[in-house]
Amino acid sequence: MLANSRQIVKEIGGKTQLKEALALVVQRAKSSMDADACSVYLKDTPTDQYLLKAADGLISGAVGKARVSRNEGLVGWVAAHEEVVNLANAPDHPGFHHIAETEEESFHGFMGAPIVHHGRVLGVIVAQKHERRRFDNDEAAFFTTLATQLGGAINHLLAKSDFSRQLNGPSRGRILIKGIPCAPGLAIGSLLLSQPADLLSTPDRRAPDIAAEEAAFQAAVSAAKEELRASGERMSAYLPGEVLSLFDAYVMMLESEKLNAGTVARIRKGQWARGALRDTILELALVFEQTEDPYLAARAEDIRNIGRHILLHLQGTARASGEYPRQCILAGMELSLAEISNVPRDRLSGIISVKGSAVSHTAIICRALGVPAVMGLTDLPIGYLENCEIAVDGQQGVVCINPSPADINEFRQRMQEEQAISAELESLRDKPARTVDGVLVPLFLNLGIGADEVSARAAEYEGVGLYRTEFFFIARDTLPTEDEQYSLYRHLLESFAPKPVTIRTLDTGGDKELPFFTTAETNPFLGRRGIRFTLDHPEIFLTQLRALLRANAGINNLQILFPMISRVNEIDAALGLLDRAYLDLTAEGQPAAKPQIGAMIEVPSAVYLIAALSRRVDFFSIGTNDLTQYLLAVDRSNPRVQGCHDNLHPAVIHVIGDIVHRAHRQNKPVGVCGEMAGDPASALLLLGIGVDSLSMTSSSLPRVKWTLRTFTSRQARELADKALKSENEADTHQLLNNALSAAGLNALVRR
Ligand code: PEP
Ligand code: MG
């Protein structure tokens, strides 16, 4: 029966309407068990009651009418207790309450299970039978499994239907949603979808002009066919015949009567082309999915691929006519570096995405570009939002869809306030980050993307604390040569000379895969990342080390930083290769200069090796993004656990204190270059813990400087002492926010 429940969930995954999906659930669940009725109640948020949304076997007029409060009757009992009940005779249960509309007097056997998503009870699924008998073990197992599996699918459909209701509702579609603040700043603009929305998030819409929709569909099918033929021809030199025949199979699918006639029929009934295509493709895919034959079942994916191809062309037509909006809010499921860089910088006002999190590398890029960004909008059906006006608050992580005139006024006023703050910050440009009692805190830059722009203003900064070389590698189709790397590094070192420039060796892997070197690991963040990759590829590593040593010749402001160190022999091996590169270069008569060497402390094991590492390196740099990820076992780029990736978790604060203590005992300086250093309140805390320097993006630097110049180092130490005593991160957030507010820095408080 378990396979059966999976099948039901798969089927409802293909439904775009909640009503249809729930009708299918109750019908399938009832027929899979020895039940006489099956129903689903969903929470009605405004009344806080559970409303009967679908039923099979109860009187049909009750749907949409019968409702119970939380804790009222057995349905309310299941919702309140978040527990499954399986009863031979429902009226015997103390929680029983007769729901008049359903006329359920004749039922006795009752089983109810909560439908839960991310800890929230969305509703209750109920199975009933006339007989006085509990549901048997197999039925109970099937039913509870089904209820558990339904949570995600129902939540997704609820979010979608809430969206379309609100978009077309009386407040003219104004919707506020909360995501993860990923890059500060405010922006208002028109939404631009970066990639074709998946079929499922294509909304229903009436066709404004049926003939035009039909023509657009035909044109998109022809374009998709043409594209596939051309790709097949291009690939014919590299692919074997049996693989190439797949292209022909796809073209045949595109020509199929079912696909074409089915879509056209739907358009003629009034659906727009994209909605008609979606329904046809999902219907065809389901036919394949329902077969027992795994080969045929896998063809469902081919059908969906074909659908995405056609959708891409349907959307492409829309993009060509619209170009990039003047103030563009780029949106996507997950935005890549290439997608962001496709939009002209002067048109890119903001970024929102369904996936991603504050320490994902896309977020780091947004901060480097100074583009406000909100990510982790997990239930946002972006396909519904094409061309909507959007206001993005990257500081608080709020997105307002179709803002009202009052919202726009408020945004504009806050933008003016931001400008006033920027002007105040501008006045600090030439001032050092010195605390009120005179302690100087070196503030360095994190660079990678947009480095040229910042390098041109190098005189304003104290140096570079982290140059992420991987972004240079990722933005290309091939590995950069030694000479290309040399030019890049040399330019950087010259721009900042004599100030220090810390260049980190290639830190690929995790969510930074080289486009020409995919490894498809199951756990990429625990795989061949950083130093593990470069030690496995001495040919790539040596090229980079040679370029770095050459670039440093005669300038001597280079510091090399090795990423993802988790054991001492990695440093030994890396230093061995560095020596070899140096000896080779001198033997070749090429100028080269040895740099200072640092190790990233971002894997917990490295903390306990600091004494040994200190015998080999000159300084340490704490990568709080990864250190938090690995210490707390929280994937830094998974928005579902984003709330758990918190730099202020007591364990993170303690480990940073420990690192500082161990490094200082060996007389080695220790800086922080993770995103934590760029958060004003956390920067203050890091100073209090005893960190020697901070490194952050240029857009974060003025606010951190402002903060440090407002406090004394003693106040910072007192805050650190209190934070080290706190048992959870919420208290530390409160502690730091209160300190900022008390110092008049309300604008920097993170809520
Ligand atoms: C870190 O992990 O904190 C860090 C600075 O490195 P990255 O974010 O590039 O992994
Ligand atoms: Mg890291």
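The following paragraphs lead the reader through selected helices, cores, buried residues and loops of a predicted model.

Residues are numbered from 1 along each chain as its sequence is written, and chains are lettered from A and ligands numbered from 1 in the order in which they are written. Because the model is predicted, local features need pLDDT of at least 70 and side-chain atom pairs count only at pLDDT 80 or more, while totals for chains, interfaces and linings use all residues; side-chain values use heavy atoms, with hydrogens and water left out.

The account begins with a pair of helices. Helix α22 (residues 650-665) packs against helix α23 (residues 680-689) at an angle of about 40 degrees, and their axes are 10 Å apart. Helices (H or I, at least four residues) and strands (E, at least two) are DSSP runs, numbered from the N terminus. Axes are lines fitted to C-alpha atoms, for helices over the stretch in contact, and angles run from 0 to 180 degrees between N-to-C directions. The angle makes α22 oblique to α23; angles under 35 degrees count as roughly parallel, over 145 as roughly antiparallel, 65 to 115 as roughly perpendicular and the rest as oblique. The crossing of α22 past α23 is right-handed, a crossing being right-handed if the near helix is turned clockwise from the far one by less than a right angle, and left-handed if anticlockwise. On the side of α22 the contact (heavy atoms within 4.5 Å) is made by Ile653, Ile656, Gly657 and Val660, and on the side of α23 by Leu685, Leu686 and Ile689. By class, this contact has six nonpolar residues, one polar residue and no charged residues. In this classification Ala, Val, Leu, Ile, Met, Phe, Trp, Tyr, Cys and Pro are nonpolar, Asp, Glu, Lys and Arg are charged, and the others, Gly among them, are polar.

Helix α23 itself is mostly covered, with ten of its ten residues buried. Buried means under 20% relative accessible area, exposed over 50%, and partly exposed in between (1.4 Å probe, protein chains only). The buried residues of α23 include Pro680, Ser682 and Gly688. Their cover includes α22, the strands β21 (670-672) and β22 (693-696), and the helices α24 (701-708), α25 (713-725) and α26 (729-742). Just after α23, glycine 690 takes a positive phi of about 115 degrees.

Ile656 of α22 also appears in the largest nonpolar core, which has 103 residues; Phe562, Ile656 and Leu694 are those with the most contacts inside that core. A nonpolar core is a set of buried Ala, Val, Leu, Ile, Met, Phe, Trp, Tyr and Cys residues joined through side-chain atoms within 4.5 Å. Leaving aside residues up to four places away in sequence, leucine 694 touches residues including Val441, Phe444, Ala683, Leu686 and Leu708. Apart from the largest core lies another, of 32 residues, among them Met111, Ile125, Leu146 and Ala147.

A second helix pair is formed by α7 (residues 257-268) and α8 (residues 273-289), whose axes come within 8 Å and cross at roughly 135 degrees. This angle makes α7 oblique to α8, and their crossing is right-handed. Among the residues that meet are Lys258, Leu259 and Arg266 in α7 and Ala273, Asp279 and Leu284 in α8. By class, the contact of α7 with α8 has seven nonpolar, three polar and four charged residues.

Two further residues show contacts between parts separated in sequence. Threonine 628 lies in helix α21 (residues 624-632) and counts as buried at 1% relative accessibility. The C-alpha atom of threonine 628 is separated by 9.5 Å from that of cysteine 644, 16 residues apart along the chain. Serine 621 lies in strand β20 (residues 619-622) and is buried, with a relative accessible area of 6%. Serine 621 and alanine 599 are 22 residues apart in sequence, yet 6.3 Å apart in space, C-alpha to C-alpha.

Finally, three loops deserve attention for their backbone. In the loop between α15 (482-496) and β17 (501-504) is proline 498, which a cis peptide bond joins to alanine 497, with omega about 5 degrees. Histidine 118, in the loop between β5 (109-117) and β6 (120-129), has a positive phi near 50 degrees and is exposed, with a relative accessible area of 55%. Methionine 564, in the loop between β18 (558-562) and α18 (568-587), has a positive phi of about 60 degrees, but this residue is buried, with a relative accessible area of 1%.
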